[in-house]
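Please work through the exercises below with the sequence and the coordinates side by side, trying each task before reading its solution.

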Amino acid sequence: MFKTLKRVFSYAKPYGVFFALTVIFAAAGVTLSLAVPIFIGKAVDCCVGKGEVDFAGLKKTAVMLTAIVLGSTLFQWLMSLCTNKLAFLTVRDLRSDVFTKLERVPLKFIDGRTKGELTSRVINDIEIISDGLLQGFTQFFSGIITIVGTLVFMMTINIKIALAVVILTPLSFIAASKITQLSHDSYMKQSKLRGDMVSFAEEMVGSQKLVKAFVYDKRAEERFCKINSEYGKIGAKATFYSSMTNPTTRFVNGLIYAAVGLMGALGAVGYSSFIGTMSVGRLSSFLSYANQYTKPFNEISGVFSELQNAVASAQRVFDVLDEEEVPDDSGCEKLASCTGSLSFKDVCFSYTPDTELIQHFSLDVKAGQRVAIVGPTGCGKSTIINLLLRFYDIDSGAIEISGKNINTITRDSLRSSFGMVLQETWIFTGTVAENISYGLPGASREQIIEAAKAVYAHGFIKRLPKGYDTVISEDSGLSQGQKQLICIARVMLMNPPMLILDEATSSIDLRTEHRIQRAFNKLMEGKTSFIIAHRLSTIKNSDFILVMKNGNIVEQGSHSQLIAADGFYAGLYNSQFAT
């Protein structure tokens, strides 16, 4: 716990000025508030005796008391302002580091976790850290200063009773620490279940069409209720333990307050020579200090649940920050020019060590050739693309582009040499023009329109409310085919030397597909192209076709050659026309 807190506080180090101001304002505010009981005691002494009210002294005391209260309020507000600033700047940097980390971790880390789980860590967990810091910082600084200040003032009034208060104080700490140990594990489990619940909810909401189509509503509700119920049980358990802290410490502090009142009363009436005599006003001041002395313990114990929750969330966030990053390639050379030639040399790769996928795969592709990759689902077609772009690194062997090993080339320059259209479309929130120019931000409007016309997207774009300036997103009402056309226009605009088309026309009707194929034929002139397709009729004109099965090439050649061979490819092709 302390190691995690120390790491969180390291993010606050650059904003030490707010930390210093928080301490200064807290000291000033608490010191003024501690002076209040002194003046209350003086006011009491001014009107204790019958017919002996000192109105002049009482008026003077009231004026001083008003000024002190106003000053204390001002400093408390300034302290809260600095604390908020410190906490918000701290979590801002933490959130930025987590997002940056997600951009640098290997793709297998992202693939191995749900989007909702990662989103929960970036948003919800860091928000919980922020709340814990805000409450913890404010009450920690003011509480410590209040404890020290009241102790000093109590000793100036009666050192013997003050020592008795100090001796009894550890009882509050013992009670709070025991309860804290019990609540920590529960909050860790609660944080994990929170991530699971957010992930499941995001998955179900984002796939509502499938949920409705397969009548999965009831089962989804049951699964969610099960997670929610478990979350509620763990949350109730954690809250129970943490909520026990405050009443327990209040009970102990009540005993301390009663002991102080009894001892002070004995001194006020002169029954205890050991305690010494005290005026009624001084006893009143001492009781106020005793109450102020125990109050910070109550407040600090009251936010233990928030601190425990914040620590549990911080540990989940730091788990992401501690993940291994993709190795830095700043020492690699940039791929200045790309001829389009490419070769796989005895490449072996598996996503997991216990499941073999691609074994001893070799391939030579000349510049400008069109290579189609076909095969049943799970045979490794998309994996080849992942290896080409270094989304995953190979286990052994080598991949060369233009005669250079891709491990010696910077990832940015490597990926910039490819234009990729995937089966899954991706549209971000922005204008149509911004979406098309995503890979070429400096493109002119004329270039954007020309690319859209080339893929037959210009017509439907012009029918949008604001044309190319219409703001769109994944949920903006565009059809899957229209979103795919925008993604294809994005690559058309980049005009890269190599292309990857992974089921690029799967969401487009046959008429539009024929038009797009003509556009692709124009785009692919002189470029090395990799085409992954399930509709084998779309890759007849490829220079050669790689037929994959179980991660290996089982056949290769032109369409006519493979049909004549009457092998695995011929079976796949003919099966599409079987009745």
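Two exercises follow, one on a helix and one on a strand.

The model is predicted, so that local features need pLDDT of at least 70 and side-chain atom pairs count only at pLDDT 80 or more, while totals for chains, interfaces and linings use all residues. Residues are numbered from 1 along each chain as its sequence is written, and side-chain values use heavy atoms, with hydrogens and water left out.

**Exercise 1.** Determine which residues of helix α16 (residues 445-454) are buried, and what covers them.

*Solution.* Begin with the definitions: helices are DSSP runs of H or I with at least four residues, strands are runs of E with at least two, and both are numbered from the N terminus; buried means under 20% relative accessible area, exposed over 50%, and partly exposed in between (1.4 Å probe, protein chains only). By this criterion, Ile448, Ala451 and Ala452 are the buried residues of α16. Viewed down the helix axis, they fall within an arc of 100° and therefore line one face of α16, the arc being that of the directions from the axis to the C-beta atoms. The face turned away from the buried side carries the exposed Glu446 and Glu450. Finally, the cover over the buried residues includes α15 (432-436), α17 (458-462) and α18 (480-494), where contact means heavy atoms within 4.5 Å.

**Exercise 2.** Establish how strand β9 (residues 498-502) is covered and how it pairs with β6 and β10.

*Solution.* Of the 5 residues of β9, 5 are buried: Met498, Ile500 and Asp502 lie on one side, Leu499 and Leu501 on the other. Pairing requires that DSSP find at least two bridges between two strands. Strand β6 (residues 418-421) runs parallel to β9, joined by 4 bridges, with Val421 opposite Leu501. Strand β10 (residues 528-532) also pairs with β9 in the parallel sense, over 5 bridges, and Ile532 in β10 stands opposite Asp502.
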